[in-house]
Amino acid sequence: MSCVHKRPKRTTSEEQAFQEHVKKVAQENGKLLGLEGDPDLQFLLAGGKLVKVRKDNWKKSRFFKLHDDCKTLWQESRKLVKRNQTFSLDDIDSVRSGRQSHGLNKHTDPIVEEQCFSIIFKGRKKTLDLMAPNVTEAKQWVNGLDKIISNMRNLSPQQNSEHWIFNCMRKADKNKDNKMNLKEVKHFMRQLNIEMDNTYAEDIFKKCDTSKSGTLEGSEIKLFYDMLTHREEIDVIYGNYAQTEGQMSARDLLNFLLNEQRELASMEDAVKLIEKYEVDGTAKQNKRMSKDGFLMYMNHEDSSILNPAHIPVYQDMHQPLNHYFISSSHNTYLMEDQLKGPSSTEAYIKALMKSCRCVELDCWDGANGEPVIYHGHTLTSKVLFKDVIKAIKEYAFKTSEYPVILSLENHCNIEQQTLMANYLKSILGDALVTKPLGNTKPTNFPSPEELKGRFLVKGKRLNKLTASVENPSTVEEGTVSDEDEAEECKEDSIKEQPKKLTIKLAKALSDVVVYCKSVHFKDFEHSKENHAFYEMSSFKESKALNLAETSATAYIHHNIDKLSRIYPAGSRTDSSNYNPVPLWNVGCQIVALNFQTPQKEMHINQGRFLPNGFCGYILKPEFLRDKSSQFNPRSLFEGPWLNKKTLHVMVISAQQLPKLNKGKHTSIVDPLVKVEIYGVPADTASQETHYINNNGFNPTWNEKFTFDINVPELAMLRLLVEDHDTASSNDFVGQYCLPLTSIQNGYRRVPLLTKRGDVICSAGLFLHLMLMDAK
């Protein structure tokens, strides 16, 4: 017989003190989030009952409330062994009003539409479908969660750090007396990812315990916090330039911006930074920057590794569509693997919200005459074609205004093809491109700017493109070759060439294909002689990589005229990805990856499309757009593409790396940093620091690396933090990737992202970078 140990019941006075403590903590967190006294926040802190919806016969009422840390949602558990269930608001991707999820749509009545909402999580965690007792409360839950999540995401790195440390401190305060004894201090340090010996912990404790009371409280905790977050590397930098009575004058700051940050700054710029970041009123009035103000500046976006000028759309968006790399997804409908994983509209929403601009729809005949989308001949679940188009319509342009390409793999009969065409036209309306832009026969692609807010369909077409609104063909259906990837993905188990297949194509579906007509690729010469600019081919990764290696210049010239789409091999049943870089190097525009798989290849893809407003389009370098170009990424000879640079990277320190094994409080990260370059083969390289024992909070390396770069326009910088392990492979901690052309020189903060590309709120790297002309 087992027994459960229960916490002793508090006395009335203890309960009152505890509630006061909770209230105080919530107020401080609300103030930090800029929501002090906000009625929606107060509603969430009080909590309320919500119905969890899973199935028609599984609708259970549970009590939900926001914790006093203002970032953790608690839900009541009624299991035999009760465990309070919590999840962090950091894990929430979005909160959606109404019956938008598959579960709510299927298991609730339309009459309760306004009482329903869904919490969509990052990664693969299942959506939480909820129903409030009334419309008012549903709105308060959605508004409150939206406010907090939005404000959390807009906190500066400095504010994130303070919020995180403050709440770790509160968790360590076991008896909630607003004091910390030595045991609680040690527990707090482990929460922060620091392991220190008892003697050192006791020394810090004694220095801060100025009242000699055996506990830290009030100003003593503030002193402890200041000692803990002290950054010696910032002191050194500040000391080198603070030449005016121990502070930085505007002139001192300008010298720092010019000499270290290599910015084209003026005195006016220096004064603006002081006004923006200085926290001391007297210093600000005297146009000086104190050490605290300098720390605030170094922790802000202005000091980020990503050039602020490259954060909005900054490239020329008036070039033809095929002059851009286009963020593209493969098997977009899948949430997991390609054999038995679920298909979902949610997968399309997640890809579109990440600025994916080309999504794939594998269309098959469904029951009751309704076409469905799934991975044919597998056990993956099915989703209705019309539901996918509705989801695409709603979410296509929330992150980016630029065009979305719908890549159709059509396996349907004539009737269902006609229905597909009707759905495309009726749901997408005027946003669907159904004829060439302008009144003359097109000779080139329109630009992303001209196609803002529009949808293009990639698929088979019965005839050539004309300028007329009416298609000259009068037949209702016709036969076209079928060399789609579903067939090509079958393992080549026979040596002879497979027989050429044909399919029947409905005229209605043919007519909505305008600028992206699918055709079979024979060779580059055949394409040049026989295919119009809008006739594009899809290449399996192995064929594309072989062409990129053996016929790079010809491939580049092909992509100067036409679009190319690359897709993963059918053998990748686990939805793994290939390396996109060699295909970008030869100008391939639509390099489709499995967005649902959080691997290095997706990190590189996210980094490639991070600048230019994260709009899903990146203008290719000029030597990949110039018809006279003889560029070959594997054989670099003299030419305008040779823009040799030297990249110097000094990995200085890291801040507040996340614990990997949160369930084991003694588990501490042993971090190391890998600096990786991806680009043309001659530029691809990797170097790494040594690892630091038991310090994930503020490790320091001060290690320098040098990389020779031949073609910086194609080079990507990836920074990877790992937890060193002598017995097995290192564990992933965080990463960040961006084009080399978008980095800022000087002392820079690097945000860290999870495997799935989400920001780790309090974590970061601190580097010194210098990209300069090679000698």
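# A guided tour, stop by stop

Start by selecting asparagine 694, which counts as partly exposed at 33% relative accessibility. That value falls between the cut-offs of 20% and 50%, which is why asparagine 694 is called neither buried nor exposed. Before you go on, keep in mind that this is a predicted model.

**Stop 1: two residues with positive phi**

Stay with asparagine 694 for a moment. Look for it in the loop between strand E25 (685-688) and strand E26 (700-709). Its phi is near 50 degrees, a positive value in a residue that is not glycine.

Now select histidine 377, another non-glycine residue with a positive phi, here about 65 degrees. You will find histidine 377 in the loop between strand E12 (372-373) and strand E13 (383-384). Is histidine 377 buried or exposed? With a relative accessible area of 69%, histidine 377 is exposed, because the cut-off for that label is over 50%.

**Stop 2: glutamate 370 and its surroundings**

Next, select glutamate 370, in the loop between E11 and E12. This residue counts as buried, at 17% relative accessibility. Which residues is glutamate 370 in contact with, leaving aside its neighbours within four places in sequence? Show Asp365, Leu384, Lys386, Gln416, Leu419 and Tyr423 to see them.

Two of these contacts deserve a zoom. Towards tyrosine 423, the side chain of glutamate 370 makes a polar contact of 2.8 Å. Towards lysine 386, the side chain of glutamate 370 forms a salt bridge, with 3.8 Å from N to O. Lysine 386 belongs to helix H15 (residues 385-395), while glutamate 370 sits in the loop between strand E11 (358-364) and E12, so this pair ties together parts that are 16 residues apart in sequence. Lysine 386 itself is partly exposed, at 23% relative accessibility.

**Stop 3: more salt bridges**

Side chains of opposite charge can pair when their charged atoms come close. How many salt bridges does the structure hold? There are 23, and the next selections show some of them.

Select arginine 288 and glutamate 245, whose side chains meet in a salt bridge of 2.8 Å, N to O. Arginine 288 lies in strand E9 (residues 288-289) and glutamate 245 in the loop between helix H9 (232-241) and strand E8 (248-249), so the pair ties together parts that are 43 residues apart in sequence. Turn on a surface and compare the two partners: arginine 288 is buried at 18% relative accessibility, whereas glutamate 245 is exposed at 68%.

Then move to aspartate 773 and lysine 645, joined by a salt bridge of 2.6 Å from N to O. Aspartate 773 is part of strand E30 (residues 759-773) and lysine 645 is part of strand E23 (residues 645-655), so here parts that are 128 residues apart in sequence are tied together. In this pair, aspartate 773 is exposed, at 52% relative accessibility, and lysine 645 is buried, with a relative accessible area of 19%.

For a last look at charged side chains, select Asp38, Asp40 and Lys147, which are linked in a network of salt bridges.

**Stop 4: strand E21 and its partners**

Switch to a cartoon view and pick out strand E21 (residues 590-593). Show the side chains: Ile590 and Ala592 point one way, Val591 and Leu593 point the other way, and all are buried.

Now add strand E10 (residues 324-329), which runs parallel to E21 and is joined to it by four bridges. Within this pairing, isoleucine 326 stands opposite isoleucine 590 in E21. Add strand E20 (residues 564-567) as well; it also runs parallel to E21, with two bridges between them. Here arginine 565 has isoleucine 590 of E21 as its bridge partner. Isoleucine 590 is therefore a good residue to centre your view on, since it is the E21 residue facing both isoleucine 326 and arginine 565.

**Stop 5: the nonpolar cores**

Finish inside the protein. The largest nonpolar core has 75 residues, and the members that touch the most others are Leu361, Phe385, Ile392, Leu424 and Tyr555. Centre on isoleucine 392: beyond residues up to four places away in sequence, it touches Tyr348, Leu352, Val359, Leu361, Leu406 and Phe455. Another core, of 33 residues, lies apart from the largest one, and Val649, Leu717, Ala763 and Leu767 are among its members.

Conventions:
Residues are numbered from 1 along each chain as its sequence is written. This is a predicted model: local features need pLDDT of at least 70, side-chain atom pairs count only at pLDDT 80 or more; totals for chains, interfaces and linings use all residues. Side-chain values use heavy atoms; hydrogens and water are left out. A nonpolar core is a set of buried Ala, Val, Leu, Ile, Met, Phe, Trp, Tyr and Cys residues joined through side-chain atoms within 4.5 Å. Buried means under 20% relative accessible area, exposed over 50%, partly exposed in between (1.4 Å probe, protein chains only). Contact means heavy atoms within 4.5 Å. A salt bridge is a side-chain nitrogen of Lys or Arg within 4 Å of a carboxyl oxygen of Asp or Glu. Two strands pair if DSSP finds at least two bridges between them. A polar contact is a pair of N or O atoms within 3.5 Å; within protein, one must be able to donate a hydrogen and the other to accept it, and residues adjacent in sequence count only if both atoms are side-chain atoms.
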